[in-house]
Amino acid sequence: MYSALKSAIEKFIRVTEAEWEMLAPYLTIRSLKKHENLAEQGKVSSDIGFVLEGNMRHYYTRDGEEKTTYFYFENHFVCSYISCITHQPSQLTIEALSDCKLIVFPYAKMAELMEQNMAWQKFGRLIAEYLCIGLEERMVGLLMLSPEDRYLQLLDSGKNKILERIPQHYLANYLGITPVSLSRIRNRVLKK
């Protein structure tokens, strides 16, 4: 079961069996029911997850209004990264949109491994770079593209899981529009 995690890590670095054994004792399986949270706004988050089954969303809440910013599916790493690093309460919530199964391990253990071993240090750097690229791409899309352009970009991105598995009201929220606006945009796109 842990082989999927090892394969995902090896997309970033090669790990020897000895290096893998440094992490393996700290891996656990966690199941989340639909609408359960892996991380919760206002609470310190300390775990890194790796999704084996299901899908999740990452959102912020302000004045009771949710802003969805990311979705996670099988073979994605997931965590409230800033909360893990700073030990401060999370600014975001990560919610299961379906029943989920994850491999979970403590960020503190990963931080120790990064201090002890060059391979794990490289993994930490590369995963941080990967997250930074994703955040910048998302920010640019929200700030520089119209809602219709964001929808068209999503259609062209190959992120079919979002289009196929995410409820429409969350998809609209992710695009920064209302479900009614999403419906109008879809109709215009289909007519073109």
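Lys and Arg count here as positive and Asp and Glu as negative, while His and the chain ends are left out. On that basis the protein chain carries 24 positive and 23 negative charges, and their mean positions lie 6 Å apart. The model is a predicted one.

**Overall build**

The protein chain has 9 helices and 8 strands. Its radius of gyration is 18 Å; a compact globule of 192 residues would come near 16 Å, so the value agrees with that form. Along the principal axes, the C-alpha atoms fill a box of roughly 55 × 35 × 30 Å. Of the 192 residues, 41% are buried. The accessible surface is about 11000 Å², and carbon and sulfur atoms account for 54% of that surface. Take the contacts between residues at least 6 apart in sequence: 73% of them join residues at least 24 apart.

**The nonpolar cores**

In soluble globular proteins, nonpolar side chains tend to be buried together. Which residues have the most contacts inside the largest nonpolar core? They are L5, I9, L23, F77 and W120, in a core of 26 residues. The elements below each supply at least two residues of this core.

| Element | Residues |
|---|---|
| α1 | 3-9 |
| α2 | 17-23 |
| β3 | 47-53 |
| β8 | 100-106 |
| α4 | 107-116 |
| α5 | 118-144 |

Helix α5 gives the most, with 5 residues. Another core lies apart from this one. That second core has 15 residues, among them F73, L97, I166 and L171.

L23 shows how the largest core is knitted. Setting aside residues up to four places away in sequence, L23 touches I9, F105, M110, L113 and W120. Of these partners, I9 and W120 are also listed among the residues with the most contacts inside the core.

**A surface position: S31**

S31 sits in strand β1, which spans residues 28-32. Is S31 buried or exposed? S31 has a relative accessible area of 53%. The cut-off for exposed is over 50%, so S31 is exposed. S31 still has partners beyond its sequence neighbours. Leaving out those within four places, S31 is in contact with E36, C100 and K101.

How far apart are S31 and W120 in space, C-alpha to C-alpha? The distance is 26 Å, with their positions 89 residues apart in sequence numbering. W120 belongs to the group with the most contacts inside the largest core, whereas S31 is exposed.

Notes. Residues numbered from 1 in each chain as written. Predicted model: local features only at pLDDT ≥ 70, side-chain atom pairs only at ≥ 80, totals over all residues. Heavy atoms only, no water. Helix = DSSP H or I, 4+ residues; strand = E, 2+ residues; numbered from the N terminus. Rg over C-alpha atoms; globule rule 2.2 N^0.38 Å. Buried < 20%, exposed > 50% of the residue type's maximum accessible area, 1.4 Å probe, protein only. Contact = heavy atoms within 4.5 Å. Areas by Shrake-Rupley, 256 points an atom, 1.4 Å probe, with all protein chains shown as cover. Charge placed at Lys NZ, Arg CZ, Asp CG, Glu CD. Core = buried A, V, L, I, M, F, W, Y, C linked by side-chain atoms within 4.5 Å.
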